[in-house]
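Here is a small set of exercises to work through with the model open beside you. Try each task on your own before reading its solution.

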Amino acid sequence: MKTPVTRIISDDERGNDHAPSPDEGPHGAPETDAPLFDAYSQAVVRGVESVAPSVVRIEVTKKLQTAQGLREGAGSGSGFIISPDGLVLTNSHVVHGAASIGVVLSDGRRPDAGLIGEDPESDLAVLRIYAPSLAPVKFGDSSRLRVGQLAIAIGSPYGFEATVTAGVVSALGRSLRSQTGRVMDDIIQTDAALNPGNSGGPLVNSSGEVIGVNTAVILPAQGICFAIASNTAQLITGWLVKEGRVRRSYVGIAGQTTPIHARLRRHYRLTQDRGVLVAGVEPGSPARLAGLREGDIIIAFKGHPVSGIDELLRKLVAAEIGVASGLTVLRQTEKLDIRIIPQELLRSESWMN
């Protein structure tokens, strides 16, 4: 007795009469997922097509001090056109200290370019290019962003022009320290992949509106990238176009966040448990003239509690330049009110506050 042999018949042999399951699409994917993929793709394509003509590649040369002496180095980044008359927004760290700046438009043109102004504290810079028929971006309102919203990044990572990555808004209201040590607030966190060269490029929504300026990536991490919120970028841009810089005030101390002893908190009924320890006072500074000493703990500025060094930095805005203000400090066990007049912070200042 012979054992029956079962032969496997292919779909071709049976005349392709094997119809897909009602739950499957033409490629075996669930039919219900197809519209979702189409909608996502359409959203990304729509956003890219709206803003891509405005994105530029920035090429810079810089003088670098090496052990062998002064040498010339090259770097690149991204930017985007924000006005029909040729204003381009990018990161300060892309163009800071550049001996020459070149801009390559999406159509290949290389117009003359020059620096209008930069603000290292917010890591933003504005360039001017001279070319006709420019397409500026449209800014979105970053205050209306929601976590999980689609985010599309466009730039020139490693020199590869018009590279697109997409992800979501991972978090809002992050703080990030700039290269100068000052804290940047209202930072957008996204998982849209960024690489060196993406800096200064736009982060856009599905409508092609710019919601942020790509600025940083944590290299060892996966999917943790940051962008300066569009509302902040527009504010800083206005100052840079008007004055070429952003004015800020300073008091001339080196400080650090420190806890306040529980007995002092209870005795003076303080609402915060931390303040700013004065670790150093710059000679001739507003702090020195006001009588601040090393070891003092700043607990309030103009009557508003100060619970850390970053909070004090946020309060030292341009409006405080030359204005007499009250500074409340703890000196050992005493609580003192000191009159101080913040002055304008110059780039040559090495003191943090």
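The exercises below use this predicted model, and each comes with a worked solution.

**Exercise 1. Getting an overview**

Task: Find how many helices and strands the chain has, and what share of its residues count as buried.

Solution: Begin with the secondary structure: the chain holds six helices and 21 strands. Next, turn to burial, where 43% of the 353 residues count as buried. For the surface, the accessible area of the chain is about 18800 Å², and carbon and sulfur atoms contribute 52% of that. Finally, look at the contacts with a separation of 6 or more: 62% of them are between residues 24 or more positions apart.

**Exercise 2. Tracing a sheet**

Task: Work out the strand order of the open sheet formed by six strands, and say which strands lie at its edges.

Solution: Walking across the sheet gives the order β4-β1-β2-β3-β6-β5, with antiparallel pairing. The edges are β4 (98–104) and β5, each of which pairs on one side only. Neighbouring strands here are turned by 30° against each other on average, with direction ignored.

Now zoom in on one pair. Strand β2 (residues 69–81) and strand β3 (residues 87–90) are antiparallel and pair over two bridges. Here you can find Phe80 opposite Leu89 in β3. To finish, add the helix: α3 lies across β3, β5 and β6, and runs at about 55° to β6.

**Exercise 3. Salt bridges that link distant parts**

Task: Determine which parts of the chain are tied together by the salt bridge of Asp119 and Arg248, and decide whether each of the two residues is buried or exposed.

Solution: As a reminder, side chains of opposite charge can pair when their charged atoms come close. In this pair, the N to O distance between the side chains of Asp119 and Arg248 is 2.7 Å. Asp119 belongs to strand β5 (residues 113–119) and Arg248 to the loop between α3 (230–243) and β14 (249–250), so the salt bridge ties together parts 129 residues apart in sequence. For burial, the cut-off is under 20% relative accessible area. Asp119 has 2% relative accessibility, so Asp119 counts as buried. Arg248 has 13%, so Arg248 is buried too.

Next, take the salt bridge between Glu344 and Arg247, at 3.4 Å from N to O. This pair also links distant parts of the chain, with Glu344 in strand β21 (residues 343–344) and Arg247 in the loop between α3 and β14, 97 residues apart. Glu344 counts as buried at 18% relative accessibility, whereas Arg247 is partly exposed at 30%.

**Exercise 4. Further charged residues**

Task: Find which residues are linked with Arg57 in a network of salt bridges, and how many salt bridges the whole structure has.

Solution: The network joins Arg57, Glu59, Arg110 and Glu161. A search of the whole structure gives 13 salt bridges. One of these is formed by Arg109 and Asp107, at 2.8 Å from N to O, and Arg109 counts as partly exposed at 29% relative accessibility.

**Exercise 5. The surroundings of Glu121**

Task: Locate Glu121 and find which residues are in contact with it beyond its neighbours within four places in sequence.

Solution: Glu121 sits in the loop between β5 and β6 (124–129). With 15% relative accessibility, Glu121 counts as buried. Setting aside the neighbours within four places in sequence, the contacts of Glu121 are Ser178, Thr180, Arg182, Met184, Arg248 and Leu345.

Key. Residues are numbered from 1 along each chain as its sequence is written. This is a predicted model: local features need pLDDT of at least 70, side-chain atom pairs count only at pLDDT 80 or more; totals for chains, interfaces and linings use all residues. Side-chain values use heavy atoms; hydrogens and water are left out. A salt bridge is a side-chain nitrogen of Lys or Arg within 4 Å of a carboxyl oxygen of Asp or Glu. Buried means under 20% relative accessible area, exposed over 50%, partly exposed in between (1.4 Å probe, protein chains only). Helices (H or I, at least four residues) and strands (E, at least two) are DSSP runs, numbered from the N terminus. Contact means heavy atoms within 4.5 Å. Two strands pair if DSSP finds at least two bridges between them. Axes are lines fitted to C-alpha atoms, for helices over the stretch in contact, and angles run from 0 to 180 degrees between N-to-C directions. Accessible areas come from the Shrake-Rupley method with a 1.4 Å probe; for residues, only the protein chains shown count as cover.
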